[in-house]
Amino acid sequence: MRPASRAHGFDRDAPQTWAATPRGADAAYLVHPADVRAPAATEAVGRLAR
């Protein structure tokens, strides 16, 4: 397991930090810090998943 957090150089609001995070991973567990029903959650997690 490998963490992806701001402490490790990942920022969900900064797409330029996304590429290195999943490199070499077989799977990822994506969560949004706000309620999953929050309007921004679907879009934010979708952008990262793509």
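**View 1. Thr 21, a partly exposed residue in the segment before H1.** Here we look at Thr 21, which is partly exposed, with a relative accessible area of 22%, in a model that is predicted. That value sits outside the buried class because buried means under 20% relative accessible area. Along the chain, Thr 21 belongs to the segment before H1. For a handy distance to check, take Asp 11: this residue is 10 residues from Thr 21 along the chain, and their C-alpha atoms are separated by 10.0 Å.

**View 2. The salt bridge between Glu 43 and Arg 47.** Zooming in on this pair, you will find the closest N and O atoms of Glu 43 and Arg 47 at 3.1 Å from each other. The contact counts as a salt bridge because the cut-off is within 4 Å. How many salt bridges does the count give? The total comes to 1.

**View 3. Glu 43 and Arg 47 along helix H1.** Helix H1 covers residues 39–49. Glu 43 and Arg 47 are about one helical turn from each other, because they are 4 residues apart in this helix. As for its surroundings, Arg 47 is partly exposed, and its relative accessible area is 33%.

**View 4. The protein as a setting for the close-ups.** Stepping back, the protein has 1 helix and 0 strands. What share of the 50 residues is buried? Buried residues account for 14%. The protein exposes about 4200 Å² of surface, and 57% of that area is supplied by carbon and sulfur atoms.

How values were computed. Residues numbered from 1 in each chain as written. Predicted model: local features only at pLDDT ≥ 70, side-chain atom pairs only at ≥ 80, totals over all residues. Heavy atoms only, no water. Salt bridge = Lys/Arg side-chain N within 4 Å of Asp/Glu carboxyl O. Helix = DSSP H or I, 4+ residues; strand = E, 2+ residues; numbered from the N terminus. Buried < 20%, exposed > 50% of the residue type's maximum accessible area, 1.4 Å probe, protein only. Areas by Shrake-Rupley, 256 points an atom, 1.4 Å probe, with all protein chains shown as cover.
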